[in-house]
Amino acid sequence: MKTIFLAIGFSAFSYGILANPVPKHKAVPKYTIEQFMKTIRFGGSDISPDEQTVLFSSNQDGVFNLYEIPFNGNGQPKQLTVSKTNAIFSIGYLPDGRILYSSDEGGNELSHIYLRETNGAVKDLTTAEKAKFQFAGLSHDRKSFFYQSNQRDKSAFDVYEIDLTTLTPKLIFKNPGGFLPGDISPDKRYVALAKTITTTNADVYLYDTKTKENKLLTKHTGDVNNGPEGFTPDGKKLLFSTDEGAEFAYVKAYDLATGQSAVLDKANWDIIADYPSYHGRYRVLSVNDDARTTLKIIDTRTNQPIKLPALPGGDITGVNITDSENRMTFYVNSSNSPATLYSYDFKSGKVTPLVRGLNPEINPDDLVAGEVIRYKSFDGMTIPALLYKPKDAKAGDKLPAILSIHGGPGGQTRLTYSPLVQYLVNSGYVVLAVNNRGSSGYGKTFYAADDRKHGDADLKDCVASKTFLAGTGYVDPAKIGIMGGSYGGYMTLAGLTFTPDEFAVGVDIFGVANWLRTLNSMPEWWGPQREAMFKEIGHPKTDSVALYNKSPLFHTKRIRKPLLVIQGANDPRVLKIESDEIVANVKQNGVPVEYVTFPNEGHGFVKKENEITAYKAVKEFLDKYLKGPGQ
């Protein structure tokens with residue numbers, strides 16, 4: 001898959017008895033960014049060995065920390081860690097009740113794995129400096145766990161097993177380079193591997209830790225994107241994703257004994273997850289259905305999906321089923337409702353909301369649901385997008401609009417909750433989140449349609465959206481701006497540089513300005529993904545002229561519209577110097593430029609106070625240069 005760099009009014013009526021017999025909508029109240037950011041973000045969930053407690057990560061105190069809450073929902077979350085600086089993300093419980101979690105330093109992405117004892121004491125299990133460590137699952141016998149690390153070779157992840165009693169690591173797969181490790185078989189003999197060739201072409205290998213044989217399982221011709229999913233609980237089969245002979249990814253099961261593969265699950269969209277519960281009674285199947293997630297929990301005894309209780313509208317994600325297969329947790333999220341964490345008991349059928357993300361100060365009826373729309377681009381290609389409009393928008397209005405461009409290349413804006421989008425819409429802006437060509441989720445032809453055309457064909461998709469917005473009847477064509485993070489930040493800079501008259505303003509968040517520097521400075525631990533990026537975008541050694549031509553930094557004299565730049569000082573993907581230089585250059589044009597930096601962030605936000613500062617700056621900038629005074 002492609003490497004991804006980096007996301008209003010209730011209908012009450014007022015009836016005047018004499019003076020105004022015509023009903024009219026109450027005005028939607030205006031909320032502050034502080035109110036929107038009181039929304040809680042979550043990360044992961046796990047259920048304790050005794051199935052009485054749920055572990056999760058939350059930024060409710062401003063920085064991600066660990067919390068627990070009773071499975072039955074009786075009680076308030078209990079905070080387990082108190083970091084004020086570095087974000088802490090839950091991995092899960094060990095069989096004896098101890099907890100594993102992951103954390104890095106200031107957003108540098110060099111994450112370590114920590115053990116929290118039941119008495120609260122914490123130990124870093126992965127102390128090597130300047131190395132990245134990634135959890136790779138508990139062993140099936142629950143006596144150890146696996147992790148991946150690039151401590152030996154910065155460009156390749158090896159696989160280690162660490163005994164839960166001695167906490168001593170043992171190397172089980174020494175990566176020769178070019179492979180991305182996946183699941184480990186229940187008997188610990190096999191390691192599933194992905195070998196990335198390009199962003200649309202990859203293979204699955206099976207490494208035998210006894211014989212040291214590394215077997216190719218997905219021999220093919222042409223571009224086929226294969227990737228390992230996981231082993232079945234009996235260890236007899238390996239599930240893998242493929243798009244061979246199809247536009248969308250589906251799942252096949254490879255039989256280790258016979259060497260034969262058979263289709264397990266197929267849909268009309270990409271299957272994004274397909275995994276069994278601990279004993280295999282259930283299989284969790286998730287499909288990327290037109291920017292939404294549709295999910296089935298299949299009872300493997302009948303091969304039929306179980307019927308879940310009625311839930312609020314939204315996507316079910318993050319399903320975690322206990323080893324006993326009696327209980328589970330999951331999240332429900334939608335474009336106008338932030339995530340709520342639920343617990344579910346299979347035996348009783350009882351579903352319980354545990355922690356709600358929405359700030360109770362905000363009336364949920366005041367939030368706006370995204371609408372999937374499509375429009376034709378310059379060459380006739382159909383482009384999907386998500387439209388958010390103010391509740392009181394009507395024909396004849398002249399509202400300002402902002403395009404929101406996702407990260408990537410290869411990302412996708414989905415119908416999930418964004419406090420920034422809701423804040424802007426609540427403030428009177430129309431937001432159109434464009435899934436330009438090259439976005440994932442719409443088939444492999446669409447996915448590859450931007451290769452070697454970055455800042456050109458995909459940018460033209462964004463320009464074409466202006467025709468759609470003007471056709472709504474409530475958007476002012478002269479007041480359409482462009483905003484994005486990471487690759488979306490590049491698209492913003494490219495829009496102001498290469499189509500200088502198309503967008504009224506630009507908001508660049510952690511965006512690429514100089515492809516030559518960015519591609520040369522990609523972290524070594526990206527390994528084979530670096531080479532895939534070179535093949536898709538261009539190699540800094542052999543394609544330097546093309547990369548120079550598509551890098552906004554070298555063409556800043558063309559920029560003549562106001563620009564806001566937001567940057568994290570610790571960003572390992574888009575170095576701060578890129579933003580420093582783009583700001584300095586554009587200022588020489590006499591163009592309004594505002595620059596907001598954060599010394600304690602990397603590539604994206606993990607600290608709530610920084611998000612508040614950034615999003616407030618975005619609105620103030622748009623109010624000044626896009627909406628205009630008095631609007």
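This report walks through the confidence, helices, salt bridges and backbone details of a predicted model.

## Model and confidence

Because this is a predicted model, local features need pLDDT of at least 70 and side-chain atom pairs count only at pLDDT 80 or more, while totals for chains, interfaces and linings use all residues. Residues are numbered from 1 along each chain as its sequence is written, and side-chain values use heavy atoms, with hydrogens and water left out.

The protein chain averages a pLDDT (the predictor's confidence in each residue, from 0 to 100) of 93, and 96% of the residues score at least 70. Residues 1–24 have a pLDDT below 50, and this stretch has 72 contacts (heavy atoms within 4.5 Å) in the model beyond near neighbours in sequence.

## Helices H4 and H7

Helices (H or I, at least four residues) and strands (E, at least two) are DSSP runs, numbered from the N terminus. Helix H4 covers residues 457–471, and at 1.5 Å a residue its 15 residues should span 21 Å. The expected span is 1.5 Å times one less than the number of residues. The end C-alpha atoms of H4 are 22 Å apart, which agrees.

Which residues of H4 are buried? Buried means under 20% relative accessible area, exposed over 50%, and partly exposed in between (1.4 Å probe, protein chains only). The buried residues of H4 are Ala457, Asp458, Leu459, Asp461, Cys462, Val463, Ala464, Ser465, Lys466 and Leu469. They pack against strands E31 (371–376), E32 (382–388), E33 (399–405), E34 (430–434) and E35 (475–485), and against helix H5 (487–498). Just after H4, Gly473 has a positive phi of about 90 degrees.

In helix H7 (residues 528–537), Pro528, Ala532, Met533, Phe534, Glu536 and Ile537 are buried. Their cover includes strand E15 (180–184), strand E16 (190–198), helix H6 (515–520) and helix H8 (544–549). Gly538, just after H7, takes a positive phi of about 140 degrees.

## Two buried residues to look at

Glu68 sits in strand E5 (residues 65–70). Glu68 is buried but has no salt bridge (a side-chain nitrogen of Lys or Arg within 4 Å of a carboxyl oxygen of Asp or Glu), and the nearest side chain of opposite charge, Lys78, is 5.0 Å away. For charge, Lys and Arg count as positive and Asp and Glu as negative; His and the chain ends are not counted. What does the side chain of Glu68 make a polar contact with? Its partner is the side chain of Tyr93, at 2.7 Å. A polar contact is a pair of N or O atoms within 3.5 Å; within protein, one must be able to donate a hydrogen and the other to accept it, and residues adjacent in sequence count only if both atoms are side-chain atoms.

Phe621 belongs to helix H10 (residues 608–627) and counts as buried because its relative accessibility is 0%. Leaving aside neighbours within four places in sequence, Phe621 is in contact with Val505, Gly506, Val507, Pro562, Leu563, Leu564, Glu594 and Leu626. Pro562 is 59 residues away along the chain, yet the C-alpha atoms of the two are separated by 8.8 Å.

## Salt bridges

The structure holds 30 salt bridges. One of them joins the side chains of Asp323 and Arg142 (2.8 Å, N to O). Asp323 lies in the loop between strands E27 (315–321) and E28 (327–334) and Arg142 in the loop between strands E11 (133–138) and E12 (144–153), so the pair ties together parts 181 residues apart in sequence. Asp323 is partly exposed at 32%, as is Arg142 at 23%.

Asp265 and Arg283 form another salt bridge, with the closest N and O atoms 3.0 Å apart. This pair links strand E22 (residues 261–265) with strand E24 (residues 282–289), 18 residues apart, and both partners are buried. Arg517 forms a salt bridge with Glu581, the closest N and O atoms being 3.1 Å apart. Arg517 is in helix H6 and Glu581 in helix H9 (residues 576–587), so the pair ties together parts 64 residues apart in sequence. Salt bridges that share partners also join Asp141, Glu161, Lys170 and Lys188 into one network.

## Backbone details

The peptide bond from Gly408 to Pro409 is cis, with omega near 0 degrees. Pro409 lies in the loop between E33 and helix H2 (419–426).

Lys212, a residue other than glycine, has a positive phi near 65 degrees. Lys212 is in the loop between strands E17 (201–208) and E18 (214–216), and it counts as exposed at 53% relative accessibility. Arg452 also has a positive phi, near 60 degrees, and lies in the loop between helix H3 (444–447) and H4.
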